[in-house]
Amino acid sequence: MATPEFIRDLRNSIGRQLLWLPGVTAVVFDDEGRVLLGKRADTGGWSVIGGIPEPGEQPAETAVREVYEETAVRVVPEGVVLVEAMPPTRYPNGDICQFMDVTLRCRAIGGRARVNDDESLEVGWFAMDALPELDTYALTRIRRAVAAGPTWFHGMEEED
């Protein structure tokens, strides 16, 4: 993921200490029910599409922008899938970030999936029964988007 300029500017002031940031994840489906995934350049693994909002940018705008920038696919956000504070992440350069992720279910409305920037090695549509190996983060978001239930909030699970 390319680091936005405003974060690089902040890092000049705060160094490597914990930075609390918003994050937006888009789980994109086409008319055939396939999910759009990108093979990340930074990890080499397949995942859902996401990124950091620019200052003042709404989460839905971020989803639309990030999906297009990374995959050349045009989308319409349809609903909030989940909201979750993620554990802190330490990057190889020593920076520490913690993200508040808002995941949106999106529907593809145009474009042709392709690598559209330097953040992805590959981009493709996958049937739900033919997903590549995915980490828990991506699988959780895809499963919750498919379930199409109410928005899920971490820590608010119903008790038996």
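This dialogue walks through several features of a predicted model.

Q: What should a reader know about the numbering and the model before starting?
A: Residues are numbered from 1 along each chain as its sequence is written, and side-chain values use heavy atoms, with hydrogens and water left out. The model is predicted, so that local features need pLDDT of at least 70 and side-chain atom pairs count only at pLDDT 80 or more, while totals for chains, interfaces and linings use all residues.

Q: How is a pair of aromatic rings described, and how many aromatic pairs does the structure hold?
A: A pair of aromatic rings is described by the distance of the centres and the angle of the planes. Rings of Phe, Tyr and Trp (its six-membered ring) pair if their centres lie within 6.5 Å, and planes under 30 degrees apart count as stacked, over 60 as edge-to-face and the rest as tilted. The structure holds one aromatic pair, formed by Trp46 and Phe126, which is edge-to-face at 5.0 Å centre to centre with 75 degrees between the planes.

Q: Which strands hold Trp46 and Phe126, and are the two residues buried or exposed?
A: Strands (E, at least two residues) and helices (H or I, at least four) are DSSP runs, numbered from the N terminus. Trp46 is in strand 3 (residues 46-47) and Phe126 in strand 8 (residues 120-126), so the pair links distant parts of the chain, 80 residues apart. Both residues are buried, where buried means under 20% relative accessible area, exposed over 50%, and partly exposed in between (1.4 Å probe, protein chains only).

Q: In which sense does strand 2 pair with strand 8 and with strand 3?
A: Two strands pair if DSSP finds at least two bridges between them. Strand 2 (residues 35-40) pairs with strand 8 in the antiparallel sense over six bridges, and Leu36 stands opposite Trp125 in strand 8. Strand 2 also pairs in the antiparallel sense with strand 3, over two bridges, and there Gly38 stands opposite Ser47. In the hairpin of strand 2 and strand 3, which has five residues between the strands, Gly44 takes a positive phi near 80 degrees.

Q: Why does the span of helix 2 agree with what is expected, and which of its residues are buried?
A: The expected span of a helix is 1.5 Å times one less than its number of residues. The 13 residues of helix 2 (residues 59-71) should therefore span 18 Å, and its end C-alpha atoms are 18 Å apart. In this helix Thr62, Ala63, Arg65, Glu66, Val67, Glu70 and Thr71 are buried, and just after it Ala72 takes a positive phi of about 65 degrees.
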